[in-house]
Amino acid sequence: MADSKSNKFKAILDSGSFHSILSAILCAVLGILVGFIILLIINAEHAPKAISVILKNFMYYRNVGKRWYYLGQTLVKAVPLILCGIGVLFAYKSGLFNIGIAGQYCIGIGITLWSALYWHLPWLVCILFAVLAAAAWAALAGLLKALCNVNEVIAGIMLNWIGLYLVNILMQNEKVMNVGKSETFSIAATSPHSLLPTCGLGKFFHDNEYVSIAIPITIIVAVVIYIVLTKTVLGYELRATGLNKHAAKYAGMKDKQNIILTMIISGAIAGLGAALYYLTDIQPWKTSSVVPGMGFNGIAVAFLGALNPIGVIFAGFFIQHITQGGSFIDTKYFNPQIADLISSIIIYCCAFMFLLKTFIAKLLDKKTAETKKLR
């Protein structure tokens with residue numbers, strides 16, 4: 001009986017999933033530790049309280065109602081981050097690095113707001129148009145990769161900037177944007193039926209008007225993508241094409257078609273993230289000279305989530321939790337952007353995820369070998 005339990009425990013320690021989870025935790029801890037050191041350098045006296053406030057986020061409030069309200073805010077803002085992460089993950093599992101997810105997300109924003117503010121379409125149609133537009137934008141990179149062998153990273157970066165400028169131009173319309181403020185009008189005031197339905201979910205978060213069906217939809221998408229990648233023939237073919245497109249082609253799989261399809265699905269998920277976020281009316285689009293960081297952060301969330309759709313849910317929430325917590329620190333002593341710095345460090349650490357996994361695997365193997373020698 002004891003041997004059976006020991007074997008099970010060893011199997012868990014040796015599993016790739018355990019190594020991925022442990023690596024992600026180490027990345028998070030390292031990012032928080034470095035952030036705390038920076039806080040100490042800036043103001044040692046108030047650093048402990050500042051890091052505590054950042055980590056607490058909504059728990060900073062003593063009032064239970066406010067705690068639930070700001071938990072709702074964190075969940076709402078985590079939705080696009082999670083979906084961008086899943087979009088990156090889906091492409092990566094299929095052998096493609098979709099760095100163009102930021103541009104696809106941007107196109108999704110533009111079409112969402114245009115559909116709601118200019119055409120005054122129902123929310124479901126706004127989502128559909130955003131998903132289709134982002135999928136079509138991603139398909140461009142897929143076509144260039146499949147037909148012309150253009151690296152998807154280069155194509156993605158180029159399309160990111162083209163997408164941003166197209167959206168800036170599209171939004172410059174008096175029916176869509178307050179040109180004086182350079183920000184889009186409120187959907188609630190202009191086209192209320194374009195808002196996402198709350199289905200009473202806001203009541204659970206102290207009547208937070210921004211909490212909507214976006215949260216359960218995000219969870220459903222994550223589960224569906226997990227099933228598609230691990231339990232279906234399509235997922236197997238896409239992963240096989242990603243591992244070796246020549247072998248996949250030899251086996252009768254349509255490698256070029258799979259590359260294009262992968263990018264389409266990845267972009268569609270990013271477009272869905274944009275629609276689910278902006279149709280809550282939580283913030284307007286402002287004319288920007290920078291590609292939305294949400295897409296790039298999605299890359300880190302994908303890796304921090306151990307390239308698992310369910311893991312990405314927790315990773316996205318954690319990153320947003322840290323970012324949101326920064327808004328509560330005392331601005332007399334620290335800039336609220338210190339939370340963004342901590343998130344950035346965690347994101348940077350994600351680049352070493354595979355190195356950490358290798359290190360952990362070797363360390364555990366060494367421990368196992370030493371244990372056997374002692375026996």
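Visitor: At roughly what angle do the axes of helix α9 and helix α14 cross?

Guide: Keep in mind that this is a predicted model. Helix α9 covers residues 214-231, and helix α14 covers residues 309-325. Their axes come within 8 Å of each other, and the crossing angle is roughly 150°.

Visitor: So how are α9 and α14 oriented to each other?

Guide: Angles over 145 degrees count as roughly antiparallel. The axes here cross at roughly 150°, so α9 and α14 are roughly antiparallel.

Visitor: Which class of residue makes up the contact of α9 with α14?

Guide: On the α9 side you'll find Ile219, Ala222, Val223, Ile225 and Tyr226, and they meet Pro309, Ile310 and Ile313 of α14. There are no polar and no charged residues in that contact; the 8 residues are nonpolar.

Visitor: Is serine 266 buried or exposed?

Guide: Serine 266 sits in helix α12, residues 255-278. Leaving aside neighbours within four places in sequence, its contacts are Gly87, Val88, Phe90, Ala91, Asn98, Ile101 and Gln104. Buried means under 20% relative accessible area, and serine 266 has 0%, so it is buried.

Visitor: How are the rings of tyrosine 69 and tyrosine 70 arranged as a pair?

Guide: The structure holds 8 aromatic pairs. In the pair of tyrosine 69 and tyrosine 70, the ring centres are 5.3 Å apart. Planes over 60 degrees apart count as edge-to-face, and these planes are at 80°, so the pair is edge-to-face.

Visitor: And what does tyrosine 70 count as in terms of accessibility?

Guide: Between 20% and 50% is the partly exposed range. Tyrosine 70 has 23% relative accessibility, so this residue counts as partly exposed.

Technical notes: Residues numbered from 1 in each chain as written. Predicted model: local features only at pLDDT ≥ 70, side-chain atom pairs only at ≥ 80, totals over all residues. Heavy atoms only, no water. Phe/Tyr/Trp six-rings, centres within 6.5 Å; stacked < 30°, edge-to-face > 60°. Buried < 20%, exposed > 50% of the residue type's maximum accessible area, 1.4 Å probe, protein only. Axes fitted to C-alpha atoms, helices over the stretch in contact; angles between N-to-C directions. Helix = DSSP H or I, 4+ residues; strand = E, 2+ residues; numbered from the N terminus. Parallel < 35°, antiparallel > 145°, perpendicular 65-115°, else oblique. Contact = heavy atoms within 4.5 Å. Nonpolar A, V, L, I, M, F, W, Y, C, P; charged D, E, K, R; others polar.
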